[in-house]
Every structure is written in structure tokens, then in C-alpha cells.
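Biologist: I'd like to learn how to read the internal cavities of a protein model. Could you walk me through one?

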Amino acid sequence: MKKRDRVLKTLEIEEPDMVPITEMDMEVPIMEAIIGETLSITTSLQTPIVTDRRLERKRTDFKIECYRKVDLDLLTVDLSPPEGWKPEENPDGTIVDLWGRILMLDKEAKAWVPYSTVFNQLEDFEDFEFPDPNAPGWTYATEYAKKTIGEEMALATFIRDPFAHAWEIFTPVKFVTWMYQNPNFIGKVIKELSDFNVEVIRQIGETGADLIISGGDYCEEKGPMVPINFFRDVIFPNLKRQVDEAHRGGMKFIKHTDGNINPLLEDFADTVDGLHSLDPTASVEIGEVKAKYGDELVLMGNVSVDNLAMKSREEIVEETKTCIRRASPGGGHILSSSNSWAAGAKLENCLAMVETVRRYGAYPIAI
Amino acid sequence: MGELRDFQTLIIQISDIEEVKRTARKILETDANPVDVLEVLNEAMREVGNRYERGEYFLSELIMAGVLASEVTEILKPSLAKTDLESQGKIVVGTVKGDIHDIGKNILIMMLSAAGFEVVDLGVDVSAEKFVEAIDKEEADVLGISALLSSTMENLRGVIETIRREGLRDQIKIIVGGRPLTKEFADEIGADSYAKDALEGVRVVKELIEAAEV
């Protein structure tokens, strides 16, 4: 079976020939280790910042080569910045992204990470000009990747969830302060960010991509980051609009979040097609989620990202087998780590995941 | 006392920030002892922390309680300066080199401040040399170092080794924390203690300081 077909069948919660495998993302150092070459580009999982189209193509080619070499089934790409945009550079080496986040470079991961914000007062937001979703270029990497891989692998575009986006744009303390002081304001921001996503998802649908993966956490180790009624009143209705747009474009929609998602599982099952990462360090047991929601939700996960950094190859093989045993029967399971292949992960452990799924992941599952 | 209890309830219920500030000022105007107000604030924060641990409160409520506590602490500061209240201790905190995550660290700072500790925040991406410099300069009781990423937790070992090499290890208690860390890792790298989150961090800092005073 072709890799793309394997993923598409899985997204329909049916059993393909074998359990598909992918990673939501790989940090540059781990891709460099896989390819054996240096990629002189810094990226960000949270926001599009590679403005030079030549570098954007190079980065996409590098990732495609990497996913091919490791033998993954589903390629993930980020949004690209709109044409002509350049990040504002601060004297201290930080940069400002399209949404007013101040990013600092994590040199080890070669990744720009949200660190601060240009919004000091709530009023600052009123004067801030949001990026235009109709500006050309957001789907540049997606279009380029689709042209390059054709039907070889399935293709997912990674977008940023409006709640997580707002949480980062304002930074957690300001987000929370303003949420309690002026819940309508935060609701309005999340709606505006959702409007943006809906339009961009429409454009992604025209590229031939198969899947949207929406990044950004809803939960932390103990549970949801904000009260559940805020999720139900504000976050999930806006999430549903994005999912509906993905469906109109012939795509499925998987929501990523780390943390303890158990209190929100019912809401997720009513809203999205699938969940990543099913965080095993936060009381999420993938077998239990499978038993309860396996007919409604595609599960993408959940070999512990911490274990990839700290455990032995043999332990990762066992963990991957356990994951397959619990989540794969019946289809609807894409094997991946519980976040992404981070710079600190041991490459031999990452590759052990792939070898294990190829060896033990053939349907019907018999381990 | 009823006024103080009402004030405590305002904090626990995560009331409007302006109402909390107004009430704090009003209590001080009635010649209430600011030390009593601080103690009530501390109790309120403990209750919020307990509710969070029991899953009754969410992270946003824990953060907002911290914001309220910071505001009240600012209001109390001038009055507290006139009392003979001693600081509970001085803590220097920072996120290790290569790591710029700080939610947990910032919650810890708010909660320690509300509990009467003096806190010096070194920020994120802090080098071993900067931690050493701060130990020298601040004469703190405890150093708190956090790391969120499995790729940066090893840098904690380097910080503690540098502190030891500089001959400062006996001058300070060290607590480490952050998502990928474990007690075993903390023991292995030679930290005095470990906390899995900010709430445990406050408890552990108190224990370290109390143990040092014995």
C-alpha cells in the first residue's frame, strides 16, 4: 500500500496494511543528524519566520529528504510567511513575529521560541495590525511540498491554534490577567485569530493537502489550562469553525495538545477528527482513550518524548510495541512521539520507533 | 478579623483585581497590622494551591491568584517596611542556559513573594557564570534553577559543577525543577532538592531554609 493511502485509510479509522508513522515536527539538529548535513536555517514551531523563499524551499526539501530517509508516511509542513514580510529585529537579538510575539533563538535547537510580547497594555492591541490572511504566500511551503511529493506521502499543514496563539501573543500572565479582567476581549481575540485560520485553512484545502494539524497546548500536566466553561463557551466553538472549513476542503483535522486532556476528551470527540499527542507523562493512557473514543477519534502518539532523550533503545522498542498493542487494533492510529523529535532526543531511539512499527505494525496486529 | 477573612475569600475566589487592591488599601487604612494581612494572603495562596492540586482550580486560576498576590504585596511593601518583620529568606531563581521557558518559574516567584520571601529573578537562558555571580552578590539562602526541555536539563549539571568549582557550593542550597526532571536526576547532579512544580517548590524552599536554620 502507498504511504499516503495508508494514512488516508487510517484517518477514516480503518485498518490499512500497517500502522502509519510520522512526527509532528523534527527540530533542525535531529534532521541534520539524519541527513548528515548542516542546514543553516533557523525555524520556529510556533510561527512562520523563514522569509527567503529559496531558504523555505531548501528547508522543505531537507525535511522531505529526512522523512523519506527515515521512512515516514505523513509529511508535515508549516505555514510560510506572506510575501514581502520581514520580522522586526531588536538590538538584543530577539525578533518580533507577525502577531507581536517576541522570539528568542534557542541556539541548541536552532529554533525561535516565544519569549515576550509587544503588548504591554490591553490597549496596545487595538492599534496592532493583524496579518492579512488573504495576503499571498501563506501556503507557499505546502504548495511546494505537494508538488514535490505528489501522492507519495500524505501531507499535513501545521497551523497555530487561536487559544495557544493568544496565550503566547500576550504571554501567560497577561493573557490570564486580561481573561479575568475582560473576558470579552480575549474572546474577541480568539475569534479574530480563528477567522484568520478559517481563511488560511480554505487556502490549504486548495493545495491538495490531506490534513490540518493544529498546534498549541490546551492542557498542562494537571489538566486544562483555563476553566472548562471557557473552553466550551469560547474555544471549542471557534475550533469547530476551523474543523468545518477543513472538511469543506476535503481535509481531516487533528488537534495537538500536550498535558492531561482527560477532562476535555468528550468535547474533542464532538469537535475534531483526531488528537495528538496523548501525553503519557500527564496521566493520558492511550489504550483507555482508544477504548472510549477509538470509533470517533484518530489517535496520533504517544511514545514519550522524554524517554526518547533518556531511555535505552531496547526500552523504546518495548514502549513502541506497547503503544501499537494498545492503540492500533481497528485502525485510526498514527504512531508518533508524544510531541516531536526534539534536539535532545537520541537518534537511535527515534529510528527504533520506526523499525519497531515496520516490524510489529502490520495488520492484523499480533503482538 | 472579619474584614481580613473577607479579604482572604476575595483572593481565594479570584475576585476582580481592582476590588482586591481597593480592599487591601482599605484594610491598611484601618490600622490593621500589615503582617496579619500578609499572613492572610499567604493562607489564601495555600488554599488556592490546594484547590489546584485537587483539580478544582485550573492553571489560569493559579496564575491569577499569583497576580493578585503580587499586587497586594506591592501595596503592603511600604507598611511592611515599617514593621520588624524579617524576610522568610532570599531566593535567586533562573532558567538554565539554552532554555527560555518560564511559566513555572514565574508562578514560583509570585508564590514565594506572597509567602514573604525575597526573590531575585535572573530570567531565562542564564549561564552558569551568571548564577555564580548572583550567589556571590545576593548572599541568598537558596538557588532555584529550572529547565523545561530534556535537551537542556543536562545543563543543570554544569551549573552545579561550576558553583562547586568556584568554591561556593557550601554557601547555598540548590533546588532544581522543571517538567523532565526527576528526584533521581536531582540527586545525581548534586542538587539539594527537587520540586515537580511551583507549589512543591514553595514547600521545598521553606524546608531547605528551616533545615539550614536548625
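Modeller: Here is a short tour of the cavities in this structure, which is a predicted model.

Biologist: Where do I start, and how many cavities of 30 Å³ or more are there?

Modeller: Start with the count. A cavity is a space where a 1.4 Å probe fits but cannot get out. Here there are 3 cavities of 30 Å³ or more.

Biologist: How much space lies in the largest cavity?

Modeller: About 130 Å³. Its lining has 14 residues, and those closest to the centre are A:Q46, A:P48, A:L79, A:F158 and A:R160.

Biologist: Which elements give two or more residues to that lining?

Modeller: In chain A, those are β6 (154-160) and α7 (183-205). The top contributor is β6(A), with 3 residues.

Biologist: And how do the residues of the lining of the largest cavity divide into nonpolar, polar and charged?

Modeller: Sort them by class: 7 are nonpolar, 5 polar and 2 charged.

Biologist: Now for the next one. What volume does the second largest cavity have?

Modeller: Its volume is about 70 Å³. Among the residues lining the second largest cavity are A:D25, A:M31, A:T43, A:R59, A:K63 and A:D78. Two elements of chain A, α2 (28-35) and α3 (53-70), each give two or more residues to this lining.

Biologist: How do the residues of that second lining divide by class?

Modeller: For the second largest cavity, 4 lining residues are nonpolar, 2 polar and 4 charged. Set that beside the 7 nonpolar, 5 polar and 2 charged of the largest cavity.

Methods: Residues are numbered from 1 along each chain as its sequence is written. Chains are lettered from A and ligands numbered from 1 in the order in which they are written. This is a predicted model: local features need pLDDT of at least 70, side-chain atom pairs count only at pLDDT 80 or more; totals for chains, interfaces and linings use all residues. Side-chain values use heavy atoms; hydrogens and water are left out. On a 1 Å grid over the protein atoms alone, a cavity is a set of points where a 1.4 Å probe fits but cannot get out, and a pocket is an open set with protein on both sides within 12 Å along at least five of seven lines; lining residues have an atom within 4 Å of a point. Grid points are joined across faces, edges and corners, and a volume is the space filled by probe spheres set on the points. Helices (H or I, at least four residues) and strands (E, at least two) are DSSP runs, numbered from the N terminus. Ala, Val, Leu, Ile, Met, Phe, Trp, Tyr, Cys and Pro count as nonpolar, Asp, Glu, Lys and Arg as charged, and the others, Gly among them, as polar.
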